Amino acid sequence: LPAGVQISLQFVDSKRVDYSMEFTKTLGLSKLTAQSLYTVDSSPVHPGWVTYTYDKITTDVLGFKNVGIGMMGMLQGRGAQIQTVYYDDDMWIETGKDGMNDYFNVYTREDNADDDWQK
């Protein structure tokens with residue numbers, strides 16, 4: 001990813017998540033959002049792993065908002081996974097492997113007073 005990209009996951013409900021990339025240093029491109037469907041693995045093989053599948057992909061570019069983009073359409077229907085190693089209501093830690101190196105990403109829950117996320 002280019003420098004200055006911030007990734008966020010907004011869980012809309014028990015089946016949908018918005019995967020967004022916000023660009024601060026990319027000329028003309030400010031945001032890319034993939035409305036996605038997700039599942040959480042409850043099997044003993046990979047418990048807690050989250051798989052999301054890209055559905056509708058839009059972008060905010062050159063001042064226009066939610067523009068559908070054909071080029072990214074090739075990602076529609078493709079899946080990605082978050083390999084959960086720890087989760088509580090405030091923190092979510094995933095792990096992965098990049099070549100020979102293990103890595104960890106830490107996600108934190110952003111409180112929103114208008115968000116009734118437990119409903």
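In this text a strand is a DSSP run of E of at least two residues, a helix is a run of H or I of at least four, and both are numbered from the N terminus. The model examined in these exercises is predicted.

**Exercise 1. Describe the secondary structure of the protein chain and state how much of the chain is buried.**

Step one is to count the elements: the protein chain has eight strands and zero helices. Step two is to read them along the sequence, where the pattern is β-β-β-β-β-β-β-β. Step three turns to accessibility, for which the cut-off for buried is under 20% relative accessible area; of the 119 residues of the protein chain, 24% count as buried.

**Exercise 2. Characterise the second largest pocket by its volume, its lining and the strands that supply the lining.**

Begin with the space itself, since the second largest pocket holds about 210 Å³. Its lining is made by 13 residues, of which Y52, Q81, I82, E94 and Y103 are the closest to the centre. Next, assign the lining to secondary structure: β6 (79-87), β7 (91-98) and β8 (101-108) each supply at least two of its residues. Finally, sort the lining by chemical class, which gives six nonpolar, five polar and two charged residues.

**Exercise 3. Determine whether E94 is buried or exposed, and place E94 relative to F104.**

E94 is located in strand β7. Its relative accessibility is 6%, and because this value is under the 20% cut-off, E94 counts as buried. For the spatial relation, compare sequence with space: E94 and F104 are 10 residues apart in sequence, while their C-alpha atoms are 5.6 Å apart.

**Exercise 4. Identify the residues of the nonpolar surface patch of about 480 Å², and classify V85 by accessibility.**

The patch is made by V85, Y86, M91, F104 and V106. As to its origin, β6 and β8 each supply at least two of the patch residues, and V85 is found in strand β6. With a relative accessibility of 47%, V85 falls between the cut-offs of 20% and 50%, and therefore counts as partly exposed.

**Exercise 5. List the salt bridges and compare the accessibility classes of their partners.**

The criterion is a side-chain nitrogen of Lys or Arg within 4 Å of a carboxyl oxygen of Asp or Glu, and by this rule there are two salt bridges. One joins D13 to R16, with the closest N and O atoms 2.9 Å apart; the other joins the side chains of D102 and K97, again at 2.9 Å from N to O. Turning to accessibility, D13 counts as partly exposed because its relative value is 34%, and R16 counts as partly exposed because its relative value is 41%. D102 and K97, by contrast, are both exposed.

**Exercise 6. For I7 and T53, find the strand, the accessibility class and the C-alpha separation from a residue farther along or back in the chain.**

I7 lies in strand β1, which covers residues 5-11, and its relative accessible area of 35% is why I7 counts as partly exposed. Although M21 is 14 residues away from I7 along the chain, the C-alpha atoms of I7 and M21 are separated by 4.5 Å. T53 belongs to strand β4, residues 50-61, and is partly exposed because its relative accessible area is 29%. T53 and L37 are 16 residues apart in sequence, with 5.3 Å between their C-alpha atoms.

Definitions and conventions:
Residues are numbered from 1 along each chain as its sequence is written. This is a predicted model: local features need pLDDT of at least 70, side-chain atom pairs count only at pLDDT 80 or more; totals for chains, interfaces and linings use all residues. Side-chain values use heavy atoms; hydrogens and water are left out. On a 1 Å grid over the protein atoms alone, a cavity is a set of points where a 1.4 Å probe fits but cannot get out, and a pocket is an open set with protein on both sides within 12 Å along at least five of seven lines; lining residues have an atom within 4 Å of a point. Grid points are joined across faces, edges and corners, and a volume is the space filled by probe spheres set on the points. Ala, Val, Leu, Ile, Met, Phe, Trp, Tyr, Cys and Pro count as nonpolar, Asp, Glu, Lys and Arg as charged, and the others, Gly among them, as polar. Patches are made of residues with over 30% relative accessible area and no salt bridge: like charges are joined within 9 Å, nonpolar side chains (Val, Leu, Ile, Met, Phe, Trp, Tyr) within 5 Å. Accessible areas come from the Shrake-Rupley method with a 1.4 Å probe; for residues, only the protein chains shown count as cover. Buried means under 20% relative accessible area, exposed over 50%, partly exposed in between (1.4 Å probe, protein chains only).
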